[in-house]
Amino acid sequence: MALKSIRQALNEGLAQEMRRDPRVVVIGEDVAGGAGSQGQRDAYGGVLGVTKGLFGEFGESRVIDTPITESAIMGAAAGAAVTGLRPVAELMFCDFLGVCFDQILNQAAKFRYMFGGKAKTPLVIRTMIGAGRSAAAQHSQSLYHIFTSVPGLKCVVPSNAYDAKGLLIQAIRDDDPVIFCEHKLMYDLRTEVPDEPYTIPFGEANIVRDGDDVTVVALARMVHYAGEAIDTLAKEGIECELIDPRTTSPLDEETILESVERTGRLVVVDEATPRCSMAADIAALVADKAFAFLKAPVKRVTAPHTPVPFAPSLEKLYIPSPERIAEAVRKVHGYAR
Amino acid sequence: MQLSREELLKAYRDMATIRQFEERVQDEFSKGGIPGFVHLYAGEEASAVGVCMHLGPQDQIASTHRGHGHSIAKGCDPALMMQELFARKTGLCGGKGGSMHIADLDRGMLGANGIVGGGPPLAVGAALTAKTLGRNTVAVSFTGDGGSNQGTTFEAMNMAVVLKLPAIFVFENNQYGEGTAFEYAVGSRDIAGRAAGFGLPAVKVNGDDFFEVHEAAREAVERARTGGGPSAIEVDTCRFYGHHSGDAQLYRAKDEVRSLREDRDCLKHFRRRVGEAGLLDGAELDRVESEVAALIDHAVEVARAAPPPDPEALLRDVYVSY
């Protein structure tokens, strides 16, 4: 099997679905790039190149460059989805949610329920998350917890190329709106990815590592930071089970609970801010449903309750580090009543 | 364009159905049979009917919180609508949408909308579907003067022009956004002119005159259907009720509604026009009125008797099962 980056895996998944189903269209700002200009018509292929080359194969009727107009993009994609297309709309940075949330929150997410089950809204919104590029407060957030809290939305947060392709194809074939979060620092991360199309069901966590001492739940880039921490801890004789939920909505509660029932200890790692976050949500889940098994308090390792800072030195402090994760695991592992 | 007798009768029937539906909803709401909020369309009937007469079931419309008229004009069953307003299991949305979210996708009614300015981008999306899949359909966004100020509306018009979509933006200027006058809230006092600034053909028509609306809509729909891109129509109209049922309307001038009902009633205008032209006589139109009255009586009767949604419906249709 070939090694492919997340960028390649997503691009391949999109192209395969577009070939399979003429109703699949890509719409957003600079998804091709260069519309109306004198230069290249496929100048960008998405700001970070995920949709590169699709324009050449599928043309402007299916790779649709829009003005910078997030409300219209999200609303048009929702309206198109409910009338027969299967749009993959790009919300370039998840931070831009701020200018178009109504079309997601009050329109797309609500149609199916509000119309008595008669509407299908097969819409995928691809969006970038994550800090680490000094993109500062308005281009660095990880807002999947906001999407997760909205009934009627599904939310996908892949951590590797294999998952990214399978989950994206699943998202495109799903009949509900799916928010697909891509960490902007992970596009070049390579894993083995099959050439053929395949799907990964939503709500099935990936057990990245087995271990009996402490359960660690992490998402996106934090899966890799947790992995680094777990390597260090293994040398100290602490064996961690690492769980990547892969989708925050639906959430695979069962896998998390089963693990905690065995280990009795939980650390949740989340690049998002701490209040009302996935970390808080998973901690509450375990407190509610696995309290009797807990041998130590649940620890959450998250960003601080601040905007994302610009200065690289501050941003490094903002993002949970392998060291902080390891320290949290040691605390719950060494906890004695 | 000359309309046939059948078309004229249908136009009047649809307008009368909307009028009687709304008058009855006001009555039933006051008696407590209808939960929540209702926003009545009485007074604006010529707009919905004048536009929707050009649309087939495959064409799409996006509506507003004041959506009963658009729904009826687009072919939704008034009985199923009434059941929805009464929050019944058998309503158009199974009792889970209500007045503000009535939708009937099989008839191209993409939903009333509780968000002012929520609809125009959705209509753009429906038009995008039509263009991408090569369907010969059009999409109409109904918005009010209030919604004409929303950013989503501006974005939607711009995108429709950029992508040359078969979309029509109908602005029903009923003179008030909630309780604030159009003259105050729309800086240019010219919604059609502002729409034209986005690069689409835009006209202003008298909403008291069904025929004027009908003609403007004919041109816009034809333009959209033949690949000529989007258009806008500002309909100068009025509402006979408040923003919502129960609105004390203290912002209105004394006797304003009474004089509107006397001078600006689009049904009366229609009757006069077809009578003077000798196209339909009063007795025929009276017969339509009584047929509609029976239909509305029946709708209310069925709605009262229908059951509420099952408790299990609470959790249904949030996710697809997988």
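A residue counts as partly exposed when the number of other C-beta atoms within 10 Å of its own falls between the limits for buried, 20 or more, and exposed, 12 or fewer. These legends describe close-up views of a predicted model.

**View 1. K164(B), a residue with positive phi in a loop of chain B.** K164(B) sits between helix 6 and strand 3 (167-173) of chain B. Its phi is positive, about 50 degrees, yet K164(B) is not a glycine. Most residues other than glycine have a negative phi. K164(B) has 14 other C-beta atoms within 10 Å, so it is partly exposed.

**View 2. A220(A), a buried residue with positive phi.** A220(A) is not a glycine, but its phi is about 50 degrees. The loop that holds A220(A) runs between strand 10 (214-218) and helix 8 (221-235) of chain A. Buried or exposed? A220(A) has 26 C-beta neighbours inside 10 Å and therefore counts as buried.

**View 3. The cis peptide bond between S249(A) and P250(A).** Omega is about 0 degrees at this bond. P250(A) belongs to the loop between strand 12 (247-249) and helix 9 (253-263) of chain A. Most peptide bonds are trans.

**View 4. The largest nonpolar core, with residues from chain A and chain B.** This core has 207 residues. V216(A), A226(A), V267(A), V329(A), V124(B) and A127(B) have the most contacts inside it. Domain 1 (3-192) and domain 2 (206-333) of chain A both contribute residues, so the core lies between them. In soluble globular proteins, nonpolar side chains tend to be buried together.

**View 5. The surroundings of V267(A).** Residues up to four places away in sequence are left out here. V267(A) then touches V214(A), V216(A), K299(A) and V301(A). It also touches I325(A), A328(A), V329(A) and V332(A).

**View 6. The two domains of chain A.** Domain 1 spans 3-192 and domain 2 spans 206-333. Their C-alpha centres lie 27 Å apart. In this pairing, 25 residues of domain 1 are in contact with 24 residues of domain 2. On the domain 1 side, helix 6 (144-148), strand 6 (154-156) and helix 7 (161-173) of chain A each give two or more residues.

**View 7. Contacts between chain B and chain A.** Here 37 residues of chain B are in contact with 39 residues of chain A. Strand 1, helix 5 (119-132) and helix 6 (151-162) of chain B each supply at least two residues to the chain B side. Which element of chain B gives the most to this side? Helix 5 does, with 9 residues.

**View 8. Helix 4 against helix 12 in chain B.** Two packed helices are described by the angle between their axes and the distance between the axes. Helix 4 (residues 78-85) and helix 12 (residues 282-305) of chain B pack at about 40 degrees, with axes 8 Å apart. They are therefore oblique to each other. Their crossing is right-handed. Helix 4 makes the contact through P78(B), A79(B), M82(B) and Q83(B). From helix 12, the contact residues include L295(B), I296(B), H298(B) and A299(B). V300(B), V302(B) and A303(B) of helix 12 also take part.

**View 9. Helix 2 against helix 9 in chain B.** The axes of helix 2 and helix 9 (residues 210-225) of chain B come within 8 Å. They cross at roughly 35 degrees. This crossing is right-handed. A46(B), S47(B), V49(B), G50(B) and V51(B) of helix 2 make the contact with F210(B), V213(B), H214(B) and A217(B) of helix 9.

**View 10. M53(B), in a loop of chain B.** M53(B) lies between helix 2 (45-52) and strand 1 (60-62) of chain B. It has 19 C-beta neighbours inside 10 Å and so counts as partly exposed. Leaving aside neighbours within four places in sequence, M53(B) is in contact with A11(B) and H214(B). M53(B) and G75(B) are 22 residues apart in sequence and 9.8 Å apart, C-alpha to C-alpha.

**View 11. A185(B), in helix 7 of chain B.** Helix 7 covers residues 182-185. A185(B) has 15 C-beta neighbours inside 10 Å, so it counts as partly exposed. Not counting residues up to four places away in sequence, A185(B) touches N149(B), G177(B) and T180(B). The C-alpha atoms of A185(B) and N149(B) are separated by 8.0 Å, with their positions 36 residues apart along the chain.

Methods:
Residues are numbered from 1 along each chain as its sequence is written. Chains are lettered from A and ligands numbered from 1 in the order in which they are written. This is a predicted model: local features need pLDDT of at least 70, side-chain atom pairs count only at pLDDT 80 or more; totals for chains, interfaces and linings use all residues. A nonpolar core is a set of buried Ala, Val, Leu, Ile, Met, Phe, Trp, Tyr and Cys residues joined through C-beta atoms within 7 Å. Domain bounds come from an automatic or database domain assignment. Two residues are in contact if their C-beta atoms, placed from the backbone, lie within 7 Å. Axes are lines fitted to C-alpha atoms, for helices over the stretch in contact, and angles run from 0 to 180 degrees between N-to-C directions. Helices (H or I, at least four residues) and strands (E, at least two) are DSSP runs, numbered from the N terminus. Angles under 35 degrees count as roughly parallel, over 145 as roughly antiparallel, 65 to 115 as roughly perpendicular and the rest as oblique. A crossing is left-handed if the near helix is turned anticlockwise from the far one by less than a right angle, and right-handed if clockwise.
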